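Take a moment to turn the structure around before reading on. Keep the sequence beside it.

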Amino acid sequence: MKKKRKKNSQWKRELPLHLMILPSAIMVFIFSYIPLYGLTIAFKKFNPAKGLFGENPWCGLDNYAYIFSLPNIGRVFSNTLLIAVAKIIFGMIIAIAVALLLNECRCRFLKRNVQTLIYFPYFISWIILGGIMTDILSPSDGIINQLISFWGADPVYFLGDNRIFPGTLVVSDIWRNFGYNSIVYLAAITSIDPSLYEAAAIDGAGRWKQTLHITLPGMSTIIILMCILSLGNVLNAGFDQVYNLYSVQVYESGDIIDTLVYRIGLQQAQFGPSTAVGLLKSVISFILISFAYLFAWKKYDYRVF
């Protein structure tokens, strides 16, 4: 009887919180769960004229067979993996390094201004940044190539050379996101007990030793979490960025899964194969992030709850 009363009082106490989350739960159900029915298009010969609920014939795995029969599909997958993995690894390293450097800055005015400058690019869309990058990296009028020419070297076609274009994508993505990503690591650093640094200083440890033996171990949990979350994006090389920067000249090194889906689905109106690729991407990402959580749990005893 007492347990029942306790549960009832707890439910009444938590009811406002449940009501607060209800609108968000309804929106997630409407926009994330109901549209899952559209995944059936991946296994149908879909005709838009018949509608989503029309009598479109089932075709099994024919859409997947068509996708894997495309001559450039292997190159597209390898481009996606190369660009996405490079963005994840180097982006995380730079963000952690910047967080450590900002933590060492003792001048609040300088720290605040630097943070504002490095956060700002994150809030600019790739549509605008694409135009800015095109102007800056222009082989004839771009400021970067003007500096290169000033030093006597030949201009570099950053957005038209297959050897350089993937690196341009990775560097520009890191430049846009590293400031914002460093916020998480700065928050992790502030949660470390200051008495640990005091004890280390008494023992004669300098700032570098304190960083190696206190700061980085203290950040390990959040670093593992960010690694786990980033694995879900291992097949997401950034459609917005690539679409606004690439051209036919760099299809060989810059064409990724999302741009392929865009051309097949929207430009060629082959909705079945494009949905099949999207579903395959989601399944692979789900498997990768599941294994990452399992590894973190077994190796580091990391738990989400």
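What follows goes from the overall fold to the main pocket, and then to two single residues.

Remember from the start that this is a predicted model. Begin with the elements. The protein has 13 helices and zero strands. Read from the N terminus, the order is therefore α-α-α-α-α-α-α-α-α-α-α-α-α. The radius of gyration is 25 Å, well over the 19 Å that the globule rule gives for 305 residues, so the protein is more spread out than a compact globule. Its C-alpha trace spans about 85 × 75 × 35 Å along the principal axes.

Now look at surface and interior. Of the 305 residues, 35% count as buried. The protein exposes about 19300 Å². Carbon and sulfur atoms supply 68% of that area. Contacts tell another part of the story. Take those with a separation of 6 or more: 64% of them join residues 24 or more positions apart.

Next comes the empty space. Rolling a probe the size of a water molecule over the atoms shows where such space is left. The largest pocket holds about 640 Å³. It is lined by 24 residues, and the closest to its centre are I88, D173, N177, N181 and N233. Which elements give two or more residues to this lining? They are helix 3 (73–104), helix 7 (165–190), helix 9 (207–231) and helix 10 (239–245). Helix 7 gives the most, with seven residues. What classes of residue make up the lining? Twelve are nonpolar, eight are polar and four are charged.

Helix 9 also leads to a single residue, C227, which lies in that helix. Is C227 buried, exposed or partly exposed? Its relative accessible area is 32%, which falls between the 20% limit for buried and the 50% limit for exposed, so C227 is partly exposed. Compare its position with that of L36. The two are 191 residues apart along the chain, and their C-alpha atoms are separated by 27 Å.

Finish with A292, found in helix 13 (residues 271–300). Why does A292 count as buried? Its relative accessibility is 9%, and buried means under 20%, so A292 meets the cut-off. Which residues does A292 touch, not counting those up to four places away in sequence? The answer is I228 and L231. N145 is another useful marker. A292 and N145 are 147 residues apart along the chain, and their C-alpha atoms are separated by 42 Å.

How values were computed. Residues are numbered from 1 along each chain as its sequence is written. This is a predicted model: local features need pLDDT of at least 70, side-chain atom pairs count only at pLDDT 80 or more; totals for chains, interfaces and linings use all residues. Side-chain values use heavy atoms; hydrogens and water are left out. On a 1 Å grid over the protein atoms alone, a cavity is a set of points where a 1.4 Å probe fits but cannot get out, and a pocket is an open set with protein on both sides within 12 Å along at least five of seven lines; lining residues have an atom within 4 Å of a point. Grid points are joined across faces, edges and corners, and a volume is the space filled by probe spheres set on the points. Helices (H or I, at least four residues) and strands (E, at least two) are DSSP runs, numbered from the N terminus. Ala, Val, Leu, Ile, Met, Phe, Trp, Tyr, Cys and Pro count as nonpolar, Asp, Glu, Lys and Arg as charged, and the others, Gly among them, as polar. The radius of gyration is taken over C-alpha atoms; the globule rule is 2.2 Å times the number of residues to the power 0.38. Buried means under 20% relative accessible area, exposed over 50%, partly exposed in between (1.4 Å probe, protein chains only). Contact means heavy atoms within 4.5 Å. Accessible areas come from the Shrake-Rupley method with a 1.4 Å probe; for residues, only the protein chains shown count as cover.
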